Amino acid sequence: MLGSLLVKDYMAGDRLAFSPTTDLLKAVSLLVKHGLSGAPVVDENRRVVGFLSEKDCLKAALDASYFRRDEGTVEDFMSRDVTSIAADASLIDAIEVFLAKHYASLPVVEGARLIGQLSRHDILKGLERVRREEG
């Protein structure tokens, strides 16, 4: 069953994404406002160039505390080694990534271009919906 379910059918298509030049404090505020644990960072062509997680933001806060400097931009603290998933991948593929890595969400791409985001919660919500429809 899971092999026939595709990421693109369960992803959120219009979640938050940042520019590398976004002020870090603004990014933190937006993550909190939207209730997200992180968001992709994209260039002017919506290609994924990084990911800003809550953990990255905590590192920035600690850095600012120790070195008494301004927080900076998203680019200063984002993770550059980003794991993303293709829109036409199966939910099994996505689940395997979530089990292998400690990510709460993944950027969903077509080629290198961001088209959405998939969270562990999105998958569970989708599986619950399928179970209800089949029941």
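The legends below describe an overview and several close-up views of a predicted model.

**Figure 1. Overview of the predicted model and its order of helices and strands.** The protein has five helices and five strands, and from the N terminus on these elements follow the order α-β-β-α-α-β-α-β-β-α. Taken along the principal axes, the C-alpha atoms fill a box of roughly 55 × 30 × 25 Å. Of the 135 residues in the protein, 39% are buried. Among the contacts in the protein with a separation of 6 or more, 58% join residues that are 24 or more positions apart.

**Figure 2. The largest nonpolar core, with Leu118 and its contacts.** This core has 15 residues, and those with the most contacts inside it are Val7, Ile85, Val108 and Leu118. Two or more core residues come from each of α4 (91-100), β4 (105-110) and α5 (120-134), and α4 supplies the largest share, three residues. When residues up to four places away in sequence are not counted, Leu118 touches Val7, Tyr10, Met11, Ala94, Phe98, Ala104, Ser105, Leu106, Val108 and Ile123. A second core, separate from this one, has 14 residues, with Leu31, Leu36, Val74 and Phe77 among them.

**Figure 3. Helix α4, with its buried side and the face turned away from it.** The buried residues of α4 are Leu91, Ala94 and Phe98. They lie on the same side of the helix because the arc they cover around the axis is only 60°. On the face turned away from this buried side, α4 carries the exposed residues Glu96, Leu99 and Ala100. The elements covering the buried residues of α4 include β3 (85-86), β4, β5 and α5. Two of these buried residues, Ala94 and Phe98, are also touched by Leu118, the residue shown with its contacts in Figure 2.

**Figure 4. The loop between β3 and α4, centred on Ala89.** Ala89 lies in this loop and has a relative accessible area of 11%, so it counts as buried, the limit being under 20%. Although Ala89 and Leu5 are 84 residues apart along the chain, their C-alpha atoms are separated by 8.5 Å. Leaving aside neighbours within four places in sequence, Ala89 is in contact with Leu5, Leu6 and Val7. Val7 is also one of the residues with the most contacts inside the largest nonpolar core, and Leu118 touches Val7.

**Figure 5. The largest pocket and the residues that line it.** The volume of this pocket is about 490 Å³. Its lining is made up of 20 residues, of which Phe51, Ser53, Ser79, His102 and Tyr103 lie nearest the centre of the pocket. The elements that contribute two or more residues to the lining are β2 (48-53), α2 (54-67) and β4, and α2 gives the most, with four residues. Divided by class, the lining has six nonpolar, seven polar and seven charged residues.

**Figure 6. The loop between α1 (24-34) and β1 (38-42), centred on Ser37.** Ser37 has its place in this loop and, at 28% relative accessibility, counts as partly exposed. Measuring from C-alpha to C-alpha, Ser37 and Ser53 are 5.9 Å apart in space, while in sequence they are 16 residues apart. With neighbours within four places in sequence left aside, the contacts of Ser37 are Ser53, Glu54, Ala104 and Ser105. Ser53 is also one of the residues nearest the centre of the largest pocket, whereas Ala104 and Ser105 are among the residues touched by Leu118.

**Figure 7. The largest cavity and its lining.** Rolling a probe the size of a water molecule over the atoms shows where empty space is left. A search of the whole structure finds one cavity of 30 Å³ or more, and about 40 Å³ of space lies in the largest cavity. The lining of this cavity is formed by Gly13, Arg15, Leu16, Pro40, Arg46, Leu114, Gly116 and Gln117. Strand β5 (residues 113-119) supplies the largest share of this lining, three residues. By class, the lining residues divide into three nonpolar, three polar and two charged.

Note on methods:
Residues numbered from 1 in each chain as written. Predicted model: local features only at pLDDT ≥ 70, side-chain atom pairs only at ≥ 80, totals over all residues. Heavy atoms only, no water. Core = buried A, V, L, I, M, F, W, Y, C linked by side-chain atoms within 4.5 Å. Buried < 20%, exposed > 50% of the residue type's maximum accessible area, 1.4 Å probe, protein only. Contact = heavy atoms within 4.5 Å. 1 Å grid on protein atoms, 1.4 Å probe; cavity = no way out; pocket = protein on both sides within 12 Å on 5 of 7 lines; lining within 4 Å. Points joined across faces, edges and corners; volume = space filled by probe spheres on them. Nonpolar A, V, L, I, M, F, W, Y, C, P; charged D, E, K, R; others polar. Arc of directions from axis to C-beta.
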